[in-house]
Amino acid sequence: MKKLALVSVIAVALTSAAVMAAPQGFGGGAPAAAPGAPAGFNNAAPNTIASVLASAYDDQVVTLEGRLTNYLGEDHYEFTDAAGDRIEIELDDDQDWSFISKDMLIRITGDVDKDLLSTTIDVKRAEPVQP
């Protein structure tokens, strides 16, 4: 009986020590994470074309502001942001995009499609931006 009680006390002590050593909450007071480590809820998506090209991962949802500057064929367009960076986007023909015109300032939200040699955005939503 004494052995069982001793084992229980040791188990509780080890569990308590592990819980006390674990980071508390979602980042309040936790040490800074290493570059490239998961960021939990502080994982901000890239919001410029340069940052999408540099650090976005496949299927990441991003929101960008810019203009359609060139028609590339079928449902593919060139999208240019305020910095002059360009990326290819896809506006699927299953939606009505007639409210968008060339050189109109718009905000797009879509999934990054990152392949070996290219990065594009499959647009799910677009809306005009009021100046």
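This section describes strand pairing, salt bridges, aromatic pairs and backbone outliers in a predicted model.

Strand β5 spans residues 119–128 and has pairing partners on both β3 and β4. With β3, residues 86–91, the pairing is parallel and runs over four bridges. Within this pairing, Leu91 stands opposite Val123 of β5. With β4, the sense is antiparallel, and nine bridges are found. Here Val112 faces Ile121 of β5 as its opposite residue. Strands β4 and β5 also form a hairpin, with four residues between them. In a regular strand, side chains alternate between the two faces of the sheet.

Side chains of opposite charge can pair when their charged atoms come close. Six salt bridges are found in a search of the whole structure. Among them is the contact between Arg107 and Glu127, whose closest N and O atoms are 2.9 Å apart. This pair links distant parts of the chain. Arg107 belongs to strand β4, residues 106–114, and Glu127 to strand β5, with 20 residues of separation. The two strands concerned are those of the hairpin. Arg107 has a relative accessible area of 27%, so the residue is partly exposed. Glu127 reaches 23% and is therefore partly exposed as well.

Glu127 has a further partner in Arg125, with an N to O distance of 2.8 Å. Arg125 is exposed, because its relative accessible area of 51% is over the 50% cut-off. Shared partners join the salt bridges of Glu65, Arg107, Arg125 and Glu127 into one network. Another of the salt bridges connects the side chains of Glu78 and Arg86, at 3.4 Å from N to O. Glu78 falls within β2, residues 76–80, while Arg86 falls within β3, residues 86–91.

Two aromatic pairs emerge from a search of the whole structure. Tyr71 and Tyr77 make up one of them, with ring centres 5.2 Å apart. Their planes meet at 55°, and the pair is tilted. Tyr77 is partly exposed, since its relative accessibility is 22% and the limit for burial is under 20%. In the other pair, the rings of Trp97 and Phe99 have centres 6.5 Å apart. An angle of 40° between the planes makes this pair tilted too. The accessibility of its two members falls into separate classes. Trp97 counts as buried, because its relative accessibility of 12% is under 20%. Phe99 has a relative accessible area of 37%, so the residue is partly exposed.

The backbone holds two residues of note. Most residues other than glycine have a negative phi. Glu74 is not a glycine, yet its phi is positive, at about 50°. Glu74 sits in the loop between β1, residues 61–73, and β2, residues 76–80. The residue is exposed, because its relative accessible area of 70% is over 50%. Asp103 likewise has a positive phi, of about 65°, although this residue is not a glycine. Asp103 lies in the loop that runs between β3 and β4. With a relative accessible area of 43%, Asp103 is partly exposed.

Conventions. Residues are numbered from 1 along each chain as its sequence is written. This is a predicted model: local features need pLDDT of at least 70, side-chain atom pairs count only at pLDDT 80 or more; totals for chains, interfaces and linings use all residues. Side-chain values use heavy atoms; hydrogens and water are left out. Rings of Phe, Tyr and Trp (its six-membered ring) pair if their centres lie within 6.5 Å; planes under 30 degrees apart count as stacked, over 60 as edge-to-face and the rest as tilted. Buried means under 20% relative accessible area, exposed over 50%, partly exposed in between (1.4 Å probe, protein chains only). A salt bridge is a side-chain nitrogen of Lys or Arg within 4 Å of a carboxyl oxygen of Asp or Glu. Two strands pair if DSSP finds at least two bridges between them.
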